[in-house]
Amino acid sequence: MTAPISGAHRVTDTELADAAAGLLADGFRLALVAAHDDGEDLRVVYLFLAGRPDRRTELTLTVPAQQPSVPSLAQMSFQAGRFEREMLDLYGITPVGHPQPRRLVRHAHWPEDWHPMRNDAGPPPDFVAAGGFPFLNVEGAGVYEIPVGPVHAGLIEPGHFRFSVVGESVLRLKARLWFVHRGIERLFAGRAAGDAVELAERISGDTSAGHALAHSLAVEDALGVQLPDAAHRLRALLVELERLYNHVADLGALANDVSFGLANAHAQRAREQLLRINAEVTGDRLLRKAIRPGGVVLQELPDPDRLQALADDVAEIAELTLGNSVIYDRFAGTSVLHRHDAEALGTLGYVARASGLVTDARLDHPTTDLPVTEVTATTGDVLARYTVRRDEFAASVALCRNLIDGHRGPLDIRAKIPEAAGSGVGIVEGWRGTIVHRVEVGADGAITRAKIVDPSWFNWPALPVSMTDTIVPDFPLTNKSFNLSYAGNDL
């Protein structure tokens, strides 16, 4: 059921803004912007998506490689402004008219004239300290700053947070990421289209199945590979298993952040049971090596009754958590992301759904017909982000049972990956939200460009917005209620 790109249009710099504005007015969202180094020219592809029905449109603008520039769309789209800043850092493409064209990916020690995604970039030059990263200073009586990170206690990845505070009340929070930029997109180039899924699985480790599926769908779309419906349903099952173990971990961690360690202990027990189920189903606790371009391979189907028993356990854990009046009071009204802000920032997944937005790639961009139960809330606070994941856990188990009971045929389905040229898009509703991959494959069957957008890219800017007028001690709770990926953002 994957829809082809229904519209692919080449535009000039004078036509770009009007074309983009028309698509946004027609209900499309800007899902991805990918720059390409074609030698004498640079090519920029803008991918717009709309759902129910599935619609996909690309606008392509070509600019000269020498002193390249594009008209900025930042005034009409917050997301466009961030994609443009990324292109400025990685490709040296100047967004003309951008209101704030400051660095996004590149830190101060990156050389000003080194753009690592250009073909002639060469090896990284020496990185040296070149001054601090500018933060907006909030001034006034009693205002002080609290810097947190980038190095944190425990195992979390690096990110720097700068709080401007009066007493305990947060006036402004600025997040600085990209401390673990790995050049993932560059690493895809030159790999055979059928043999790069291992890299996709490592984009964000807790979303191995989601990224593997998005990558595989993009390759299959590029090369015209068609799979039977049974393969799409087995793949959907794996993505739901990934949703389950991550959601229950967060339900426990949120309880733990308000000192309800008992609920966290039971949630971690349920998570461990789900990881063991993953290993039985695929041979890997993180569901790796099961999804690849052209196929899916399972060792066995999970026991639906065992999943249902875990769903009953999780429902009881959530009931005990929210039944505690102190915990409920800490969750309710804390770090509210209002619907209009969630919409303007382009949020995805449970963050968007907790603020009342209806978004789900399983229904917006389906690969197979799934009986998905949509879960939303309206208050946009920590409580809403908790209850959405609680209810999504139950809905996901019901969907898993449907997929298991309805499966007929083999668990090993594979199709040949041809050596051909083309471009394609893969869209998946991962556990955090919609994942989008776009690939281009050369005539020799090797990937020439891969562009990846994890939902964390869209959701990170919403975290500081939700923290306005929240107290500093609630930051760990708020951060966990979003639970965004550093690695998925810092490609």
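Q: How far apart do the end C-alpha atoms of residues 267-410 lie?
A: In this predicted model, whose local features need pLDDT of at least 70, side-chain atom pairs count only at pLDDT 80 or more, while totals for chains, interfaces and linings use all residues. Residues are numbered from 1 along each chain as its sequence is written, and side-chain values use heavy atoms, with hydrogens and water left out. The span 267-410 is 58% helix and 3% strand (DSSP runs, helices being H or I of at least four residues and strands E of at least two, numbered from the N terminus). Its end C-alpha atoms lie apart by 33 Å.

Q: Which residues does UniProt list for "domain: NADH-quinone oxidoreductase subunit D"?
A: The record is an unreviewed entry, and such annotations may be inferred rather than shown by experiment, with positions given in the numbering used here and feature names shortened. For this domain UniProt lists residues 267-410.

Q: What is the radius of gyration of the chain?
A: The chain has 17 helices and 15 strands. For 491 residues the globule rule (2.2 Å times the number of residues to the power 0.38, with the radius taken over C-alpha atoms) gives 23 Å. The chain's own value is close to that, so the chain is as compact as a globular protein of that length, with a radius of gyration of 22 Å.

Q: What share of the 491 residues of the chain count as buried?
A: Buried means under 20% relative accessible area, computed with a 1.4 Å probe on protein chains only. By that criterion, the share of the 491 residues that count as buried is 58%.

How values were computed
Buried < 20%, exposed > 50% of the residue type's maximum accessible area, 1.4 Å probe, protein only.
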